[in-house]
Amino acid sequence: AITLLTELIRENFRNSKLKQCFLPALGELLFLIASKEEKGEHPRECWAVPSAAYTVLMRCLREGEERVVNHIAAKIIENVCTTRSCHAQVFITGEIGPVLWYLFTHSTGDSLKITPISALCRITRSSPNAFQSVIEKVGLTAVLNSLANGICKIQQYMLTMFSAMLSCGIHLQRLIQEKDFVTTITRLLESPSTFIRAKAFLVLLQVLINNREMLLLSCQTRLLMYIERDSRKTMPGKEQQGGSEYLSKCLDLLIYHIVQELPGILGDILSALTNVSGRKHPSTVQAKQLKLCLPMMPVVLHLVTSQVFRPQIVTKEFLFNYGILLEFIRSIDSGETILDRAIGQAASEELIKTTLLTFEAVTEHPSLLMTHRLTVEDSIVPPLVSLVHSQNVEWRLLSLRLLSETTSVLLRHEVMGEERGESLNSNNKLLSLIRDLLLPQYERILLAPDPVPMYALKLLVALTDGSPASVSLMEENHLFPALFQVILRYQDSILGNTMQTVIVLLNNIVANKNVNMMPLFQEGLTHHICNLLTEAVALYLEADDKRSTKTANVLLLSLLDILQSMLTYTANIVRQTLQAQKSGAGGNTQAAEDLLLINKPLTDLISQLIQLLPSEDTEIFLSASQSLLLLVQLYGGSNQESMSPENMDSFAEVLKSKEDPRELKLLLKIVKRLVS
């Protein structure tokens, strides 16, 4: 039958209608024979196919034939090549690839385009050289342009062929170095088709296996964003689309490979920097190594900022190596090592910035810092402290911010540990580093130009929050005068970030029960708090909507807390002196009298505190009333303005509005002390 059909087609080759009738029948027979042979159901000699049959089919593919005939011939080859038989192997010739590609590019309908590409894909599965011959003839650019075709099946077949070529090593060096190839494949990750995205991930995996440097371009073309998106879609519990399991497996392979590549990337960077450490004039070979390895540093940043990769790559080993890198950065910043002549100033600065931003991404996840606390303290904090003294304002700011965040997390972790009964050395390495290397230079940092003071203050806030004993370190390093200079400098911007931060710091200092507040009083604490509270109360009372002025409210509450701590400290000193006199132990009456005299200007705040009493904010009422009670207990009604009609109206209003007996009792105590 096959011989007969072949002869009929040959004899009537110019008759297109007859060919359209006979070719499908010939194709069905060829496919049947190939299928049976693949299954091994019959001996091969029973299914002999004359070579003329294949010759006729190849002639039907040529240019000049009607498109329908071309399509039928391509469909026959596609079907036969789905089998792994000797009949499929016959179609693997040097000209088959370009011929099918010509049909693809010169066909108009979707089905006419899909069939030749599908046939080429089947052939490429057995012989990737077929697709290579296409690239060599028409050029890689033309092949890549065909991927822009919106037909999903065509894109899927093309990706399959590229993957087959890469996995066999054919055309390898050209493809893995071609940036347009990588960006074109990456754009296919936007496809709605799960299979296309999965195959695109596989092609990129093949590229990255053979060329690590392409990981940088992949990150820049948003590969990690696509990985994160599809990782969420394939998570257990999500509604799964067709092909999700295949996509998930492809993703896992790519993610695993990238995670395994990171230590090598970081290791190459460290090796290149080790070779030039302490050198001001790197050799030509060293400069070449630097130019090759250092541009990969952004890859580390991209991976650390990715929620998919971060948990897998931020390990003890990674942070230890990062600490070594940070030490090199310190050396570069200080001028011990000079890279400008080897890679240029811009690249050198970019390396420093990227390195610091990498750790910033880690600090945004406190659990990572707490998990690897000892490694962070031993390897990362020391060079970070050194970078705070950088001459470059940007690095100094970034280092201060990172140190502030790190200190806050680590000290909070230690406080929690103490609460759980864990044994912690109060003289830990973190505090020792800050005490020995940072605080002695801190006055200069606090008085530096904007915005350095704000970040410097945030570090002190983190320090005093986590370790109250650090207040004494501030006193030892004479930082209190510098704090008041900061207040004077920013007093016209009371709601600014710097002033808010310094007030939080002052609150931490005066709230410490072990602090000796006399140095603070002597430096003018009373005067500054009077001025700040006066302005804060005015801002609060002038606001139309008290709830909308959240910043002013927080500021006012912090200042009221500071005032209460000052008055409590004064009241305790006075009470201890009186008790000592009663017991006959004497007591330093002069110190108590001096303290009362220093704080006498606080009585000017009595009127402002009275005006806060009718506030609807419970916290402000309680804070103001408690401070007011302490003031009148210490100084009575010595301030004549305290009994003004306006103040009496405030008392009348608040006494009418309050129903809690304890609050009423507190208010009546204040009134009694004012009038007595």
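T124 is found in helix α7, the stretch running over residues 110-126. The model is a predicted one, and in it this threonine is well tucked away: with a relative accessibility of 1%, T124 counts as buried, because the cut-off for that label is under 20%. The side chain of T124 still has a polar partner, though. One of its polar atoms sits 2.7 Å from the backbone oxygen of L120. Looking past the neighbours within four places in sequence, T124 is in contact with A130, F131, M161 and A164.

F131 also turns up around another residue, F162. Again setting aside neighbours within four places in sequence, the contacts of F162 take in F131, along with I135, L140, V143, L144, L147, L175, F181 and V203. F162 matters for the wider picture of the packing, too: the largest nonpolar core holds 227 residues, and F162, I227 and Y442 are the ones that touch the most other members. As for secondary structure, the top contributor to this core is helix α16 (residues 244-276), which puts in 15 residues.

On the domain level, the protein chain splits into domain 1, made of two segments (222-235 + 242-364), and domain 2, covering 530-675. The C-alpha centres of the two domains are 56 Å apart. Even so, both feed into the core just described, with at least three residues coming from each of domain 1 and domain 2.

Methods:
Residues are numbered from 1 along each chain as its sequence is written. This is a predicted model: local features need pLDDT of at least 70, side-chain atom pairs count only at pLDDT 80 or more; totals for chains, interfaces and linings use all residues. Side-chain values use heavy atoms; hydrogens and water are left out. Domain bounds come from an automatic or database domain assignment. A nonpolar core is a set of buried Ala, Val, Leu, Ile, Met, Phe, Trp, Tyr and Cys residues joined through side-chain atoms within 4.5 Å. Buried means under 20% relative accessible area, exposed over 50%, partly exposed in between (1.4 Å probe, protein chains only). Helices (H or I, at least four residues) and strands (E, at least two) are DSSP runs, numbered from the N terminus. Contact means heavy atoms within 4.5 Å. A polar contact is a pair of N or O atoms within 3.5 Å; within protein, one must be able to donate a hydrogen and the other to accept it, and residues adjacent in sequence count only if both atoms are side-chain atoms.
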